[in-house]
Amino acid sequence: MASPLHSSQQESEDRLSMLPDDILLQIMYHLNLRTQILASTLSTRWRHLPSMLTHLIINVNEFLPRTETLTTDRLKKSMDVYAETTRRLLASTSQHAIKVLCLSFYLTDPHLQAIGSAVGSIVEHGDTKLLEFNMMAQWQDLDYCRFEASVQLGQRFMAFFGSCPSAFRWLTSLSIQHLRFNESDMSDLLDACDQLRFLSMSSCDCGPQSVLKIDAPRSQLMELVFNMFIRVELIQVPKLVRVICDILVFESPAIVFGHVPLLHDISLSSMIMNQPPLMLSNWLSNVRSLSTLTLDFENWEIWIKPEGPKRLSLIFSKLRDLHLCGIFFSKYNLDWTLYLLEAAPSLTNFFLKVQRHKCARNIYEGINNQHMMDLQWKASSDFKHRSLNLLHIEGFEVDCKLMRYIRCVMELAVQLKMIRLQRKEPCGDCDAQGQLGSIFSGNEIRTDLIREILAHGFSSAIKIIII
């Protein structure tokens, strides 16, 4: 006789099996691939469901050994299983449309041809709305010889691209890394991938000291993400709306904007040393729809030069969100940031992220930068900002300079609604050096005291949140 617990489990399973296919499919969409396959293997009721899926996410990481060291041989075996699983899944779904297909895999031979052929047979129906390739480099090759590996990986990628035109013609999202291209490869790729909307490139180049040029007047590209060590020139990318650029360069500027009429969101993270400071009025002269700007100085030097607001007024006329990150506060105060506030009359949200850890002070010791600036700002006599609603500061700690800066913004921004202050994260290294905590940090009474000090003398009700 079955136990009550066993009977209860069977009843629960029977209830689940009684659900219609569309409900079971919605459940499967919340499971990873391994669990989906396991469920279809163990239950006859679920066996046919994988062939009915219209959204497939197949990631090679689900096929890698979790406890063993990943050797070249184990990686090859994992890719063998991955390629065969992808082929079978796509073959079983060939009778209906695959709306979303996201594949993450390594650039290994001979697997690429099998993957490309399987994808090509699906997308030729023309019903796939999102096709994503996330291609990863083999870390073993990169550790052995990065230069030779990047050349080999670049050749392997272009061979894959050339042998699977159908797959790449329908590609909407592509992420690649550690590839060395020939000079014309990028143009050939963008011309052929006429559905491509998103492109991410990490540590890709065209050779030492090269300039990666993107001239794609017919491209549908909307978002570009770079993580490189070279210069990038966007000659013609007419549909581009967002650029995220993380570049360590020794030539300023890191990225050059040509014909990008729809570009409105730019994020640049860089450590530019021993170079003249960047003039935003020159760098962004071709960008006329800018609404969001993020500049991350990565706790090194401030590599932009304060300018008169008139020089930036046309470029910043539509700016709504400004993020300034990685400012080493122990070296620089924040007064210089106000020239950006003055130049952006439509700015609504102002975000600052400062580095306050004393353990980082040794970063600057011994640096002799001939271009180091004296960051000064003088406000126009009648300057008042009438659009700013939010001032957010991450890395907040009670400090006379910072408190004075916040009150200065409160005085200038006459429509300010909220100040949100996020406390500095604790640091064991700073504590080890004997850094004392602020007398204001801690309980609710001291938090109220901070609010009282900041709001003293202001009649308007500005909400001050300290987290």
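Here is a short walk through the structure, stop by stop.

Before you start clicking, note that this is a predicted model, where local features need pLDDT of at least 70, side-chain atom pairs count only at pLDDT 80 or more, and totals for chains, interfaces and linings use all residues. Residues are numbered from 1 along each chain as its sequence is written, and side-chain values use heavy atoms, with hydrogens and water left out. The helix and strand labels are DSSP runs numbered from the N terminus (helices, H or I, have at least four residues; strands, E, at least two).

**Stop 1: strands E1 and E2**

Select residues 55-59, which is strand E1. One face is covered, with Leu56 and Ile58, while His55, Ile57 and Asn59 sit on the uncovered face. Now add strand E2, residues 100-106: E1 and E2 run parallel and are joined by five bridges. Strands count as paired if DSSP finds at least two bridges between them. To find one of the bridge partners, click Asn59 and look across to Ser104 in E2.

**Stop 2: the H4/H5 helix pair**

Next, show H4 (residues 72-92) and H5 (residues 111-123), whose axes come within 9 Å and cross at roughly 15 degrees. The axes are lines fitted to C-alpha atoms, for helices over the stretch in contact, and angles run from 0 to 180 degrees between N-to-C directions. H4 and H5 are therefore roughly parallel to each other (that label covers angles under 35 degrees; over 145 is roughly antiparallel, 65 to 115 roughly perpendicular, and the rest oblique). H4 passes H5 in a left-handed crossing, meaning that the near helix is turned anticlockwise from the far one by less than a right angle.

Turn on side chains to see who touches whom. From H4 come Lys76, Met79, Asp80, Tyr82, Ala83, Arg87 and Leu90, and from H5 come His111, Ile115, Ala118, Val119 and Ile122. Contact here is heavy atoms within 4.5 Å. Sorted by class, the contact of H4 with H5 has eight nonpolar, one polar and three charged residues.

**Stop 3: E5, E7 and E9**

Move on to strand E5 (residues 198-202) and strand E7 (residues 223-228), which pair in the parallel sense over five bridges. Ser202 is a good handle: Asn227 in E7 stands opposite. Then bring in strand E9 (residues 242-247), which runs parallel to E7 and is joined to E7 by six bridges. Here, Leu224 faces Val243 in E9.

**Stop 4: the E6-E8-E10 sheet**

What order do the three strands of the open sheet take? Read across, they go E6-E8-E10, with parallel pairing. E6 (211-215) and E10 are the edge strands, each pairing on one side only. From one strand to the next, the twist averages 10 degrees. Five bridges link E6 with strand E8 (residues 231-236), and Lys213 stands opposite Glu233 in E8.

Stay here and click Gly258, which is found in strand E10 (residues 255-259). Gly258 is partly exposed, at a relative accessible area of 22% (buried is under 20%, exposed over 50%, partly exposed in between, using a 1.4 Å probe and protein chains only). Leaving aside neighbours within four places in sequence, Gly258 is in contact with Leu234, Ile235 and Asn286. Try the C-alpha to C-alpha distance to Ile235: Gly258 and Ile235 are 23 residues apart in sequence and 4.5 Å apart in space.

**Stop 5: Ile272**

Finally, pick Ile272 in the loop between strand E11 (265-269) and helix H10 (280-283). Buried or exposed? Ile272 counts as buried, at 6% relative accessibility. The C-alpha atoms of Ile272 and Ala254 are separated by 8.6 Å, with their positions 18 residues apart along the chain.

Methods:
Nonpolar A, V, L, I, M, F, W, Y, C, P; charged D, E, K, R; others polar.
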